[in-house]
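Hi,

Here is the structure I promised to pass on. Have a look at it first, and my notes follow underneath.

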Amino acid sequence: MKRSKLINLTMPVFFALFGLWILFTSRNMGKLEGTFPRMVGVLTFIVALFQLYFDVRLEDHKDKFRGCNLRKVIEALVAMSLYVFMLNKIGYLLDTALIAFYIMHSLGYRKYGLAVPIAVAFSLGAFFVFKILLGVPLPTILLDF
Amino acid sequence: MENILMGLEQFANPIVILSLLGGTLLGLTVGALPGLNDSITIAVLIPVTFGMDPYVAMVTLVGIYTASACGGAIPAVLLEIPGTASAMVTTLDGYPMSLKGYPKRGLSLCVTSSFFGGISSAVVLLIFAPLLARLALKFGPPEYFMLAVLGMSTVIGMAGRDIAKNFLSMTLGLWLSCIGMSPTTGIDRYIFGSASLMDGIPLIPRMIGLFGVFSILRIFDAMGKDREAASATNGKVIEREDDKIAIPDLAMCKRLLPTWLRSSMIGNILGIIPGAGMTMAIFLAYDQTKKANPKLPFGTGVPEGLAAPEAANNAVVASSMVPLLSLGIPGNGTSALFLGALTIHGLRAGPAFFKDYPDMAYLIIFGFIFANLAMLPMSLLFCKYLASKVLKLNPQILAAAVLTLCMTGSYAYMNNPFHMGVAVVFGAVAYLFWKFGLPQAPLILSAILGSMMETNWISSMVYSEGSAIVFIQRPVSLVLVIASAIFFVWPLLQRVRKSRRIDHKLR
């Protein structure tokens with residue numbers, strides 16, 4: 001089977017399994033709270049099978065990930081997840097400055113003399129608006145007031 | 001009348017006026033920046049409005065929504081890059097007009113057409129939203145259930161070509177609406193042991209992910225491609241001496257009036273229908289204008305080619321708020337964000353909105369009217385002095401600013417880092433949806449309407465002792481059943497007819 005077809009089939013297969021999973025997990029729910037998830041599960045499974053049938057029959061499959069920079073996208077998602085994970089550990093200011101710098105750097109901004117102060121300025125600017133003006137308790141190590 | 005005056009009274013506050021103007025300027029700016037749009041900006045800014053006065057917050061968002069569709073035309077005309085998806089069609093005649101040496105005339109036409117479309121939709125909102133809300137006050141659970149079904153049917157029938165994909169997107173949204181406590185029994189479902197999921201997945205971080213984080217991932221996705229290719233022809237644009245930013249003269253206005261009227265009507269109707277949206281409106285308006293003017297060489301810089309999509313996209317803006325303010329059903333993704341904005345200020349959109357919060361309801365309506373009135377001169381000045389500077393803003397620095405606001409905004413929603421994670425997850429979901437050609441609109445709408453559907457389904461069943469006949473026994477519900485069937489089946493029939501016509505031609 002072609003790589004492009006295989007990639008395209010993952011979507012309906014995922015939804016078919018997802019529909020079955022919804023049905024499976026809703027089996028212990030009562031009549032009132034379980035009816036709606038069961039309806040959703042059945043609908044998901046049936047439509048996913050339809051989609052799978054059409055995708056299997058389709059001959060001309062385009063590779064949806066061809067030409068895109070998937071590695072960079074995954075890298076960005078990992079960086080964002082790390083940002084969330086580290087927030088309470090290193091504090092908002094440092095964490096945000098780091099992610100802002102990472103975004104600029106990884107998108108190809110190479111003027112480091114400007115990138116660092118810009119990243120710090122974004123972090124301080126957002127801190128000022130949210131923590132000082134709006135009173136949002138952003139996690140901080142320093143400047144905890 | 002008293003209610004209208006209550007809404008108008010709020011504009012006596014200079015801060016409200018300034019916020020409206022500020023929102024309009026921001027809307028123009030983000031619209032002009034390729035990669036940013038109204039949804040991203042509103043999603044990111046809603047958390048910033050937490051601490052604001054609700055009136056100030058809402059008019060700011062109204063200003064952004066009103067002006068961004070107009071701002072999207074600026075790079076479409078000058079660079080052949082649509083600033084927003086709603087300006088895709090504007091490039092067809094906008095850029096050729098620039099190549100002819102009339103970029104400023106092109107921008108002026110876009111601004112004036114946007115104003116015409118925008119004002120028409122604000123008037124539609126003023127007339128229809130209170131009427132529909134008054135009617136909806138008589139609705140019971142079967143009608144509400146059918147209203148949700150109607151919203152789903154239109155979004156599935158019209159959101160895209162592939163109906164099965166629309167369905168799958170919708171079912172995922174419906175499942176998302178099941179997360180948290182059951183609205184009927186209070187028993188938790190699909191919370192995976194997380195207390196943060198007890199109240200379900202909140203709308204704001206979800207939308208920040210679907211719009212804001214996704215916009216960043218798209219930039220990463222495109223890295224390495226020749227992104228400059230589209231603007232490579234930029235150097236060919238020359239400016240003639242008689243080219244200037246100004247409202248078109250009377251003769252041109254007379255010439256464009258039928259196009260403005262036709263396109264505004266298309267935009268207004270499609271705006272009111274949940275799920276139809278701007279993209280459909282611009283293509284339909286352009287197509288109808290072409291049919292109405294068969295002798296004009298569209299695609300070569302014809303004024304009608306700019307007037308049609310620009311009037312249509314702005315005509316969708318305020319009219320998409322009609323179902324939201326009167327029924328609590330968002331017309332599109334951006335109006336869904338308004339639902340979130342109202343909720344965080346303790347307001348609930350729906351039939352009782354005009355009765356419970358008449359000041360806010362009419363503030364929003366008049367906000368759209370005033371934002372359009374302000375948009376015309378502001379857009380002309382913006383195009384004259386700021387447009388070229390805004391287009392030079394560095395996209396890498398902008399991306400960093402957007403992500404900073406996305407993450408901080410998600411945290412600020414309930415002071416919980418968990419919601420930042422929600423935004424990241426939904427950014428990834430939006431990316432996969434985009435890659436696999438799954439439309440986002442059914443996901444957004446069904447995740448909002450899901451709990452309304454479930455609650456009213458159960459209430460209807462209790463009321464009718466388990467018989468589904470209740471949906472066709474009540475006249476309004478029956479009308480909604482028929483309307484749902486039409487909205488669902490009609491686009492399908494159109495497609496079948498179109499494919500038969502193509503087959504016939506090929507033979």
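How many residues of chain B are in contact with chain A? The count is 60 residues of chain B, which meet 60 residues of chain A. Before going further, please keep in mind that this is a predicted model.

**The interface**

The area buried between chain B and chain A comes to about 5200 Å², and carbon and sulfur atoms give 82% of that area. Leu168(B), Phe220(B) and Phe436(B) supply 14% of what chain B buries against chain A, more than any other three residues. If you want to look at the polar side of things, there are 9 residue pairs in polar contact between chain B and chain A, both residues being at pLDDT 80 or more. The rule finds 0 salt bridges across the interface of chain B and chain A.

Which helices of chain B supply at least two residues each to the side that touches chain A? They are H9 (163-178), H10 (203-222), H18 (395-414), H19 (417-435) and H20 (441-463). H18(B) gives the largest share, with 13 residues. By residue type, the side of chain B that touches chain A divides into 39 nonpolar, 14 polar and 7 charged residues.

**Inside chain B**

Helix H3 of chain B, residues 38-45, is mostly covered, with 8 of its 8 residues buried. The buried residues of H3(B) include Asp38(B) and Ser39(B), along with Ile40(B) and Leu45(B). They pack against H2 (14-32), H4 (54-71), H10, H15 (333-344) and H18 of chain B. H10 and H18 of chain B also turn up in the list of helices that touch chain A.

Another spot to click on is Gly173(B), which lies in helix H9 of chain B. Gly173(B) is buried, at a relative accessible area of 0%. Leaving out residues up to four places away in sequence, Gly173(B) touches Leu443(B), Ser446(B) and Ala447(B). The C-alpha atoms of Gly173(B) and Ser446(B) are separated by 4.9 Å, although these two residues are 273 residues apart along the chain.

**Salt bridges**

Over all chains the structure holds 7 salt bridges. Here are three of them, with some context for each.

Glu143(B) and Arg474(B) meet through their side chains at 2.8 Å, N to O. This pair links distant parts of the chain: Glu143(B) sits in helix H8 (residues 141-158) of chain B, while Arg474(B) is in the loop between H21 (470-473) and H22 (475-506), 331 residues apart. Glu143(B) is buried, with a relative accessible area of 3%, whereas Arg474(B) is partly exposed at 22%.

Lys291(B) forms a salt bridge with Asp287(B), and their closest N and O atoms are 3.3 Å apart. Both lie in helix H12 (residues 277-292) of chain B; they are 4 residues apart there, so about one helical turn separates them. Lys291(B) counts as exposed, at 56% relative accessibility, and Asp287(B) is partly exposed at 33%.

In chain A, Arg71(A), Lys72(A) and Glu75(A) are joined into one network by salt bridges that share partners. Within that network, the closest N and O atoms of Lys72(A) and Glu75(A) are 3.7 Å apart. Lys72(A) and Glu75(A) both lie in helix H3 (residues 70-90) of chain A, 3 residues apart, about one turn of the helix. Lys72(A) counts as buried at 13% relative accessibility, while Glu75(A) is partly exposed at 27%.

**Cysteines**

How many disulfides does the structure hold over all chains? The answer is 0. Why do Cys70(B) and Cys383(B) not form a bond? The sulfur of Cys70(B) has its closest cysteine sulfur in Cys383(B), 6.6 Å away, and that is too far for a bond. The cut-off for a disulfide is 2.5 Å between the sulfur atoms. The search from the other end gives the matching result, since the closest cysteine sulfur to Cys383(B) is that of Cys70(B), at 6.6 Å. Cys70(B) is buried, with a relative accessible area of 3%, and Cys383(B) is buried too, at 11%.

Cheers

Definitions and conventions. Residues are numbered from 1 along each chain as its sequence is written. Chains are lettered from A and ligands numbered from 1 in the order in which they are written. This is a predicted model: local features need pLDDT of at least 70, side-chain atom pairs count only at pLDDT 80 or more; totals for chains, interfaces and linings use all residues. Side-chain values use heavy atoms; hydrogens and water are left out. Buried means under 20% relative accessible area, exposed over 50%, partly exposed in between (1.4 Å probe, protein chains only). Contact means heavy atoms within 4.5 Å. Buried area is the accessible area (1.4 Å probe) that two parts lose on being put together, summed over both. A salt bridge is a side-chain nitrogen of Lys or Arg within 4 Å of a carboxyl oxygen of Asp or Glu. A polar contact is a pair of N or O atoms within 3.5 Å; within protein, one must be able to donate a hydrogen and the other to accept it, and residues adjacent in sequence count only if both atoms are side-chain atoms. Ala, Val, Leu, Ile, Met, Phe, Trp, Tyr, Cys and Pro count as nonpolar, Asp, Glu, Lys and Arg as charged, and the others, Gly among them, as polar.
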